[in-house]
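Student: I'm new to this one. Please walk me through it and explain the terms as we go.

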Amino acid sequence: MATPETQRLVAGRYALLAELGRGGMGVVWRAEDKVIGRQVAVKELRLPDGLHGEQRAVLEERVLREARSAGRLNDPTVVTVFDVVTDGGLLYLVMELVEGPTLTQWVAANGPMPPAAAAALGKQVLAALECAHAVGGVHRDVKPSNIMVLPSGRAKLADFGIARIDDDPRLTSTGAVVGSPGYLAPERIQHAVATPATDLWALGATLFFAVEGYAAFERATTAATLYAVTNEVPYLSRCQGPLASAVMGLLINSPDARLSHQQAMHLLDLASTQGGPQPNLTNPITRSAPVPKPGGRLKRVAALLGSAVLLAAACFGGGWLTGRLGVTATAVGSPALQPTWTYGPGGQIPQFKLYTGSCAGGSMQAGRAYTTSMSCDQPHDIEVFGTTTPLDTNFKGGYPGQDPLARDAEGYCALLFSSAKIAPADKDTSLRFRALIPGEQAWDHVKTEDDPDGAARDAYCIVSSANGGQLTDSVIKKPS
Ligand SMILES: Nc1ncnc2c1ncn2[C@@H]1O[C@H](COP(=O)(O)OP(=O)(O)OP(=O)(O)O)[C@@H](O)[C@H]1O
């Protein structure tokens, strides 16, 4: 803590009292505004080394311009920028002082956030983004360390529109890049400009972090992180229903297929009212499990594989994500997807009695029945890599029709196929998969003493080799 004698006074007005933290662009101080006698946060912006005069001027100009626009955003969920000043050649941003941890710090101290609290937090951040997007603003850097959590549970979004080196072609020549590649939407990695949809993707990654306690795409190197952002679908293990649908729907690669503000808000609204009253975020919540380290993710996935079907079905919401929100296999992007078939009497596959992780002989042919499984260690023709209950598990009506069932099942199978659960690196070319949905007779089947099978409501994801040959091992990633 600085004493009055050693206190630095910035711009003749802001007395720096103590360091609050450090980020990619500089130090943040608790300070006192001597003119009006209130405490503020002062961020000392240290521009990257190696910028030449013009680049420095461009960046400073952008910081000023964007701080002004952030200052204009009159939203209680946005950390207000009061002033931008220069002193001794350095640039300082004077902001509202937020007395609460960032989401990163909160999770480090308390473990994963309860789903209803994470949904409530997500709603607030989404509302702030919506307000900014409506007037043409884009945050560009939504991530856990830019979200501050007040003891009341209210959230505040910091660093609004702060200039980033990578956004301006006049600045990229220094090679200085981006802070958090794990929160950079896939289209940004392909150098598309930042749009409201890129902020929404980052919100999805942030909510994943809140609810799981680790960053979905963080890997040991930047290259591996960027690869994961572009190619992997993360597993959610601590939430289901609308929250899982919101997170996964925000993380859809294609900005056009990604959830809109309204869709995300609707789901977060539903999720925030589930699970009883909101926990008080003042008191540390008893840690339900240690926060896994980023490197531990594969182990987690492996440990979850035993219950992967239940887990995936729960987290993708058994139809919440796919059918209701129009997430189709095409949106997920699956070149290996084959046309969906039906099973049961009158369907292409008259009988189907396999389950996830089981394999069978006999290539998929109309009229072939699958009633017994075999070990996936033996050469086999097909493997079931997922099971889902399309539409709603509580759907009690008559046969909904092949189209809605197929849309749901294809979306689910495509998500699962593109995820890290399916191991082969060349899966898009070496494998083919299809969804198998119940036909009308299987759906309506009434069990009798002679025929004890009940109505069939499940859909299956089936994988086979692309070249018509046999598979010699399971395609599901093995525990490491
Ligand atoms: N308005 C604020 N009020 C109180 N503390 C703040 C405020 N803004 C930032 N801090 C503290 O300062 C730390 C550093 O913030 P900063 O925005 O510089 O870094 P960052 O967001 O973690 O990283 P990056 O610069 O890469 O975005 C934060 O982790 C937080 O603890």
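Tutor: Let's start with the word "pair": two strands pair if DSSP finds at least two bridges between them. Strands (E, at least two residues) and helices (H or I, at least four) are DSSP runs, numbered from the N terminus. One warning up front: this is a predicted model, where local features need pLDDT of at least 70 and side-chain atom pairs count only at pLDDT 80 or more, while totals for chains, interfaces and linings use all residues. Residues are numbered from 1 along each chain as its sequence is written, and side-chain values use heavy atoms, with hydrogens and water left out.

Student: How do you know that strand S12 (residues 431–438) and strand S13 (residues 459–465) are joined?

Tutor: Count the bridges: six of them join S12 to S13, and the two run antiparallel. The definition asks for at least two, so S12 and S13, with six bridges, pair. If you want a spot to look at, Leu 436 stands opposite Tyr 460 in S13.

Student: Which sheet has S12 and S13 in its order?

Tutor: An open sheet of five strands, ordered S9-S12-S13-S11-S10, with mixed pairing.

Student: What makes S9 (341–343) and S10 (359–360) edge strands?

Tutor: Each has a single partner strand, so one side of each is left without a neighbour in the sheet. Helix H13 (residues 402–418) lies across S9, strand S11 (382–388), S12 and S13, and runs at about 145° to S12.

Student: What is the order of the open sheet of six strands?

Tutor: That order is S1-S2-S3-S4-S6-S5, with antiparallel pairing. S1 (8–10) and S5 (81–87) have a single partner strand each and stand at the edges, so each has one side without a neighbour in the sheet. On average, neighbouring strands here are turned by 40° against each other, direction ignored.

Student: How do you know that S1 and S2 (residues 14–23) pair?

Tutor: They have three bridges, in the antiparallel sense, and the cut-off is at least two, so S1 and S2 qualify. The bridge partner of Leu 9 in S2 is Ala 15. S1 and S2 form a hairpin with three residues between them, and Ala 11 in the turn has a positive phi of about 55°. Next along, S2 is joined to S3 (residues 26–33) by eight bridges, with a hairpin of two residues linking them. Then S4 (residues 38–45) pairs with S6 (residues 90–96) over six bridges in the antiparallel sense, and Lys 43 stands opposite Leu 93 in S6.

Student: Now the helices. How do the axes of H2 (residues 103–110) and H5 (residues 196–212) cross?

Tutor: They come within 9 Å and cross at roughly 20°. Axes are lines fitted to C-alpha atoms, for helices over the stretch in contact, and angles run from 0 to 180 degrees between N-to-C directions.

Student: Why are H2 and H5 called roughly parallel?

Tutor: Angles under 35 degrees count as roughly parallel, over 145 as roughly antiparallel, 65 to 115 as roughly perpendicular and the rest as oblique. Roughly 20° is under 35, so H2 and H5 are roughly parallel. Contact means heavy atoms within 4.5 Å, and here Leu 103, Thr 104 and Val 107 in H2 meet Thr 206, Phe 209 and Ala 210 in H5.

Tutor: Now try H3 (residues 115–134) and H8 (residues 261–272), whose axes come within 8 Å and cross at roughly 155°.

Student: What makes H3 roughly antiparallel to H8?

Tutor: Roughly 155° is over 145, so the pair counts as roughly antiparallel. For H5 and H7 (residues 241–250), the axes are 7 Å apart and the angle is about 135°.

Student: Why is H5 called oblique to H7?

Tutor: About 135° fits none of the other ranges, so "oblique" is what remains.

Student: How far should I trust the model, by mean pLDDT?

Tutor: pLDDT is the predictor's confidence in each residue, from 0 to 100. The protein chain's mean is 78, with 76% of its residues at 70 or more. Over residues 163–179 pLDDT stays under 50, and likewise over residues 282–332. Where pLDDT is low, the predicted coordinates should not be read in detail.
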